[in-house]
Amino acid sequence: MVKICCLGAGYVGGPTMAVIALKCPDVEVCVVDISVARINAWNSDQLPIYEPGLDDVVKQCRGRNLFFSNDIEKHVAEADIIFVSVNTPTKTRGLGAGKAADLTYWESAARMIADVAKSDKIVVEKSTVPVKTAEAIEKILTHNSKGIKFQILSNPEFLAEGTAIEDLFMPDRVLIGGRETPEGQKAVKALKDVYAHWVPEDRILTTNLWSAELSKLAANAFLAQRISSVNAISALCEATGANVAEVAYAVGKDSRIGPRFLNASVGFGGSCFQKDILNLVYICECNGLPEVANYWKQVIKINDYQKSRFVNRVVSSMFNTVSGKKIAVLGFAFKKDTGDTRETAAIDVCKGLLGDKAKISIYDPQVTEDQIQRDLAMNKFDWDHPIHLQPMSPSAVKQVSVTWDAYEATKGAHGICILTEWDEFKTLDYKKIYDSMQKPAFLFDGRNVIDAEKMREIGFIVYSIGKPLDPWLKDMPAVA
Ligand code: NAD
């Protein structure tokens, strides 16, 4: 029986390995992590991450050929294939701070593998890493080994949170990069055989190591660039009276462009897009390509601009101040169907409103108060570093309250900001909400999920990203 061990039981390691175990009953999969709390949660009925369909997959194979453990060294020593899916956050200090990937976790994982391995291993980069990381990892492994052979593969993950199980069941493609030597190609084949249990062969792409590593960064940069492009157009739509939904629809009908990832919003979030683009920018700079670096940097700049533009719109609409006013925030996760708040646009929007002394009341169906307080108390880029892995008492942000009820959050509020596109926000009783709010009642839709005309009929003053403005908003000071 082939034995797989995965280091890192997070948003990628957990679901990916669960699906491999489900689809490959002849493979034993053990997911290990340094976090005891995370492993305990994976072994309980309350999994550590919310992902539609995940519970069902885990229930089917946990205890059969899927195991979760903190006994890292034992499972690494026994494995034939080791996936490394640890976090690779943005560096917060030192060389490349604020841009380069922090490979501390990766490097310590590689050193540990070298120390405990007693037989040949295939080591698979599942984490998103800078180009040429495999070369560094190879050096660590081979310099520490006692005649043991390691083959490094790059197998970046393309799943999207919220649809992870669906994406893993039917991936657009699986990408495997390996050395172009006979041993390298043998390792590629071994990993290919695992995926071939359920992925059609023509969807399993093989490349050299560097192409696979770079493809992941490039794919995320392209996706984020589409969002920043449509968001840039949304600002122009508001200035001109065009409707971004109509523009995006017309643009996306062009088969060369396609309709996906063209929804204007308050800005992209998630643990990957910003981190991976910053990493790409850093790699370009290190390779003497400042023009290319600046090109990609602009994608992040537009994203930051979109978030601050939204905050400015809220404040300027409400008589240029939100000081002491209750603002209800509906949705805190970075997108619907996940409880993940990493780099969510809601953090920057809330911080912007708090900077103007608003009182914020937040409701998200999947995010706890503890998590929200943590996110708002933390500095940029700190969230994915060791401090985040330890239990930590949140220093509560006093002007923020969190509730499990949208009606409670909006009661007595001057304005509402919708920051996540949860389906349930489309069907709330907005008449009831309007009646319970201060007047004039403002509704700022950062995800374009509500029917603005219906809301106007109720009496709301509505702002929808990239849509023609209410006369009220037009009369307010211009938004930069
Ligand atoms: P995560 O923070 O949810 O999980 C990483 C886990 O690794 C943590 O539980 C941490 O405790 C553990 N860990 C750290 N060092 C370890 C070690 N030495 N040994 C064992 N465990 C260790 O992160 P994630 O979202 O799963 O992302 C993991 C990687 O995959 C990142 O490089 C990320 O960029 C990439 N990725 C993420 C997504 C996504 O949607 N989240 C998608 C594709 C790729």
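This is a chat about salt bridges and one buried glutamate in a predicted model.

Visitor: Let's start with charges. How many salt bridges does the structure hold?

Guide: The count for this predicted model is 24 salt bridges.

Visitor: Pick one. What does K99 pair up with in a salt bridge?

Guide: K99 meets E285, side chain to side chain, at 2.9 Å from N to O.

Visitor: And where do K99 and E285 lie?

Guide: K99 is in the loop between β4 (81-84) and α5 (104-116), while E285 belongs to helix α11 (residues 273-286), so this pair ties together parts that are 186 residues apart in sequence.

Visitor: What's the relative accessible area of K99, and how does E285 count?

Guide: K99 comes out at 24%, which makes K99 partly exposed. E285 is also partly exposed, at 30% relative accessibility.

Visitor: OK, on to helix α5. Which residue forms a salt bridge with R111?

Guide: That's E107, and the closest N and O atoms of the two are 2.7 Å apart. Both R111 and E107 sit in helix α5, 4 residues apart, or about one turn of the helix.

Visitor: Are those two buried or exposed?

Guide: In between: R111 is partly exposed with a relative accessible area of 39%, and E107 is partly exposed at 33%.

Visitor: What about K431, who's the partner there?

Guide: K431 has a salt bridge with D435, with the closest N and O atoms 3.0 Å apart. About one helical turn separates K431 and D435, because they are 4 residues apart in helix α17 (residues 430-435). K431 counts as partly exposed at 44%, and D435 is partly exposed at 46%.

Visitor: Which residues are joined into one network by salt bridges that share partners?

Guide: K3, K74 and E78 are joined that way.

Visitor: Switching topic: E238. Where is its place, and is E238 buried or exposed?

Guide: E238 is found in helix α9 (residues 209-240). E238 has a relative accessible area of 6%, so E238 is buried; the cut-off for that is under 20%.

Visitor: What does the side chain of E238 reach?

Guide: The E238 side chain reaches the backbone nitrogen of G466, at 2.7 Å.

Visitor: And which residues does E238 touch, leaving out those up to four places away in sequence?

Guide: On that count, E238 touches R309 and R313, plus Y463, S464, I465, G466, K467 and L469. So G466 turns up twice: among the residues E238 touches, and as the owner of the backbone nitrogen that the E238 side chain reaches.

Conventions:
Residues are numbered from 1 along each chain as its sequence is written. This is a predicted model: local features need pLDDT of at least 70, side-chain atom pairs count only at pLDDT 80 or more; totals for chains, interfaces and linings use all residues. Side-chain values use heavy atoms; hydrogens and water are left out. A salt bridge is a side-chain nitrogen of Lys or Arg within 4 Å of a carboxyl oxygen of Asp or Glu. Helices (H or I, at least four residues) and strands (E, at least two) are DSSP runs, numbered from the N terminus. Buried means under 20% relative accessible area, exposed over 50%, partly exposed in between (1.4 Å probe, protein chains only). A polar contact is a pair of N or O atoms within 3.5 Å; within protein, one must be able to donate a hydrogen and the other to accept it, and residues adjacent in sequence count only if both atoms are side-chain atoms. Contact means heavy atoms within 4.5 Å.
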